[in-house]
Amino acid sequence: MTEDTTGTPREQGSQWYDGEAGPLVRPYAMTGGRTRPGPTGVRFDLIALVTLDAAAPADNDTALGPEHRALIELCRPETQSVAELAAGADLPVGVVRVLLGDLLELGCVTVSRPVPPAQLPDERILREVIEGLRAL
């Protein structure tokens, strides 16, 4: 164990971390200064579901940054929403959106966007179907 600049003990080899300020890598550094995902500016809803694609690199592939690999590892066991990925990776949602845009362009992930409310069936129709089923 060593002490950081604040006198807080930390393990050797751990990420450089300031106990009070948090990680010293700023979000814009993780995204290369970008604030929008991909060249087309695709937006990811918080509830959009992200699934790992079969073409995703192995966890030891160093072609991607550590944040990209962390998102891949979070998606490996099961499909995750954008909000869940942000929480699991402990990154701001804006950063996760940009990183997911990169992974989408590389073919590492697929995204299922939620159905817009305008395309959902009318509640009245659903109630009529339920009543019809009950009548059977």
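How many salt bridges does a search of the whole structure find? The search finds 3 salt bridges, and the views below show them together with other parts of this predicted model.

**Figure 1. Overall view of the predicted model, with 5 helices and 7 strands.** From the N terminus on, the order of the elements is β-β-β-β-α-β-α-β-α-α-β-α. The protein has 136 residues, of which 27% are buried. Where residues at least 6 apart in sequence are in contact, 63% of these contacts join residues at least 24 apart. The accessible surface of the protein is about 9300 Å², and carbon and sulfur atoms account for 55% of that surface.

**Figure 2. Close-up of the salt bridge between E123 and R127 in helix α5.** The closest N and O atoms of E123 and R127 are 2.6 Å apart. Both residues belong to helix α5, which spans residues 123–135. Their spacing of 4 residues corresponds to about one turn of the helix. E123 is partly exposed, since its relative accessible area of 48% falls between the limits of 20% and 50%.

**Figure 3. Close-up of the salt bridge between E128 and R124.** The side chains of these two residues meet with an N to O distance of 3.3 Å. E128 and R124 are separated by about one helical turn because they stand 4 residues apart in helix α5. E128 counts as partly exposed at 47% relative accessibility, whereas R124, at 52%, counts as exposed. The two residues fall into separate classes because exposed means over 50% relative accessible area.

**Figure 4. Close-up of the salt bridge between R76 and E73.** The side chains of R76 and E73 meet at 3.1 Å, N to O. R76 is partly exposed, with a relative accessibility of 37%. E73 is likewise partly exposed, with a relative accessibility of 33%.

**Figure 5. Close-up of R97, a buried arginine that has no salt bridge.** R97 is part of helix α4, which covers residues 93–105. D45 carries the nearest side chain of opposite charge, at 5.9 Å from R97. Why does this pair not count as a salt bridge? The distance of 5.9 Å is not within 4 Å, so R97 and D45 do not meet the criterion. A polar atom of the R97 side chain does, however, lie 2.7 Å from the backbone oxygen of F44. Leaving aside residues up to four places away in sequence, R97 touches P37, R43, F44, D45, L46 and V82. F44 and D45 are therefore both contacts of R97 by the criterion of heavy atoms within 4.5 Å.

**Figure 6. Close-up of L85 in helix α3 and the residues that it touches.** Helix α3 comprises residues 82–89 and includes L85. L85 is buried because its relative accessible area is 0%. Beyond residues up to four places away in sequence, L85 is in contact with V50, L71, L74, C75, Q80, V96 and L100. One of these contacts, C75, is itself buried at 3% relative accessibility. A70 is 15 residues from L85 in sequence, and the C-alpha atoms of the two lie 9.2 Å apart.

**Figure 7. Close-up of A89 in helix α3.** A89 touches L71 and L74, residues up to four places away in sequence not being counted. L71 and L74 are also among the residues that L85 touches. A89 and A70 are 19 residues apart along the chain, with 6.6 Å between their C-alpha atoms.

**Figure 8. Close-up of D90 in the loop between α3 and α4.** D90 is not a glycine, yet it has a positive phi of about 55°. Most residues other than glycine have a negative phi. D90 is exposed, with a relative accessible area of 66%.

**Figure 9. Close-up of C75 and C108, two buried cysteines.** C75 has a relative accessibility of 3%, and C108 has a relative accessible area of 4%. Both are buried because these values are under 20%. How many disulfides does the count come to? The count comes to 0 disulfides.

Methods:
Residues are numbered from 1 along each chain as its sequence is written. This is a predicted model: local features need pLDDT of at least 70, side-chain atom pairs count only at pLDDT 80 or more; totals for chains, interfaces and linings use all residues. Side-chain values use heavy atoms; hydrogens and water are left out. Helices (H or I, at least four residues) and strands (E, at least two) are DSSP runs, numbered from the N terminus. Buried means under 20% relative accessible area, exposed over 50%, partly exposed in between (1.4 Å probe, protein chains only). Lys and Arg count as positive and Asp and Glu as negative; His and the chain ends are not counted. A polar contact is a pair of N or O atoms within 3.5 Å; within protein, one must be able to donate a hydrogen and the other to accept it, and residues adjacent in sequence count only if both atoms are side-chain atoms. A disulfide is a pair of cysteine sulfur atoms within 2.5 Å. Accessible areas come from the Shrake-Rupley method with a 1.4 Å probe; for residues, only the protein chains shown count as cover.
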